[in-house]
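Hello,

Here is the structure I promised to pass on. Have a look at it first, and then read my notes underneath.

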Amino acid sequence: MRLLATILFLCSVVLSAKAQRRCGTVGYAQQGAFALNRPVGNASTDTVLNQRINIPVIIHVLYNTAEQNISDAQILSQLAVLNEDYNRLNADTVMTPNVFKPLAGNAKISFCLARLDVKGRATTGIIRTYTTQQSFTANDAMKYSAQGGDDAWDCTKYLNIWVCNLDSISLGYGTFPGGPADRDGVVVGYNVFGTVGVLRTPFNKGRTATHEIGHWLGLKHTWGDAICGDDSIADTPQQEYYNTGCPSFPHLSACSPNANGDMFMDFMDFTDDGCMNMFTVDQVMEMKSLFVAGGPRSSFLNAYQCDSLMPQGGALPQTPSGIDTVVVQPTISVYPNPAHEKVTIETSGFSVIGKTAYLYTATGIKILDVPVTQPKITVNLSGVPAGIYILRIGEVTNVFTAKIIHL
Ligand SMILES: [Zn+2]
C-alpha cells in the first residue's frame, strides 16, 4: 500500500512538473461507452458549411470549495475564447506559420449562454451546484445529480459543459457525437476554464474547452491517437505523436510528410494554450458536416434558446410547493427547416386563427405577412432571398417566434 502511494505520488509529481496537457477523451471513449467512428456527412455539398451556427450552452458549475465555484467573469471569458477560436478571430492567428495559414479554417460557430431553460423559463445559462465530491474522474459522475453532479439538459438543444475539480489525470474530456444523451457534452477542470480568475498555467487561455468541444464536434486528435496515426482529416499533416509545451516551427517527426512538419499549433494537438491557434479547413468541414439535415447535431440549426426575443422567457406558473404544475406547452412546428420554396407552420396548444404570421430579417425588417386561417399554413418563400429569418405569430399575448433558414 505504501509502495502504491509512493508510486502515485511520484506520478503526480512528474505530471505537475512537466505540466503536460492531458485530454481524457480517448481513454474515456475506450471505456466502451462511445464509438470513435464519426457519422457520415458531407458539408461541402451543403450550404451549412458557410452558415453561422449558434450553440446555446449550459454551464454546470460543481463546487466543493469556494475556489471551485468560479466567477461569472471567468465563465464569460471562456465563452469569449470559444467565439474567437471558432470564428478565426483569435488574436494569435498571427502565430500560425505562414505555410499553414492557407489551411486555417473559420468554423463560423458561435456559443452563447442559454437564455431559456428546457421548459422555456428564463435562465442565466449557469447552474451552480455544491457537491460533496472533492474531485471527479472521467467516469461521468459529474453528469448525474444522484452522483454528486448535475443532470444534463436536452443535448439536442444545449451544449452541456460541466466545470468541476478534475483529478490530475486530465484537463478535460468530451463526448463524440452519437453517444448517450444524458452524457453528451464536455467536462473541463475549473482551473483551466477561461482566461481570468482561478487558473493553472500554461492552460490559462481557455483552449481546453476549445479542444474538448472539437471532440464534441467530431474531431479526433491530430496524431490519430497512434504512432503516425490518421485523424481522418486530409489537411492536417501526419505526425508521429502528440506535441506538448510549445515546439519551434518547423517540428519534424518520424512520419512528417514534408519540411513543414507537425501542425503542433492545431487546437486538436496537446500543446500549451498559448501555442495553439487554429483549426484547418477540413476540420471545419468535418465539424460542419454534423449539422446537415439528419446529422447528429442538426437540431442546433433551429436553436433559439439564446434568443432574448422569445416570449416564453417568462416563468411558468408554479404551485406553492415550488413543484411545476403540468402545463400543456403550446408548440409551433416549422418544416422543412432549412426550407427551399415553401415552409409549413403548424401550431398546437393555442389558437392562432385570426392572427398574422410575420417574417422578419435578422435585422428586424418585415418582409412578409400572412393571415393565419387555420392551425397549419404554408408560406411561399419563392420571392424571398436566401437567409435567416425570424417568424413571428401574434402581437401582444401568445407571441411565438421561430428561426427559419431559407436556402
Ligand atoms: Zn482531446
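Below is what I found in it, beginning with the conventions.

This is a predicted model: local features need pLDDT of at least 70, side-chain atom pairs count only at pLDDT 80 or more, and totals for chains, interfaces and linings use all residues. Residues are numbered from 1 along each chain as its sequence is written.

The largest nonpolar core (buried Ala, Val, Leu, Ile, Met, Phe, Trp, Tyr and Cys residues joined through C-beta atoms within 7 Å) has 71 residues. Buried means that 20 or more other C-beta atoms lie within 10 Å of a residue's own, with C-beta atoms placed from the backbone. Val 57, Ile 161, Val 163, Cys 164, Val 187 and Val 188 touch the most other members. Strand 1 gives the most to this core, with 7 residues; helices (H or I, at least four residues) and strands (E, at least two) are DSSP runs, numbered from the N terminus. There is also a second, separate core of 10 residues, including Val 343 and Leu 359.

Now for the helices. In helix 3, the buried residues are Gln 74, Ile 75, Gln 78, Leu 79, Val 81, Leu 82 and Asp 85. They sit on the same side of helix 3, because they cover an arc (of the directions from the helix axis to the C-beta atoms) of only 160°.

Helix 4 is mostly covered, with 10 of its 10 residues buried; among them are His 211, Glu 212 and His 215. Just after helix 4, Gly 218 has a positive phi of about 95°.

Best wishes

Key. Buried ≥ 20, exposed ≤ 12 C-beta atoms within 10 Å, placed from the backbone.
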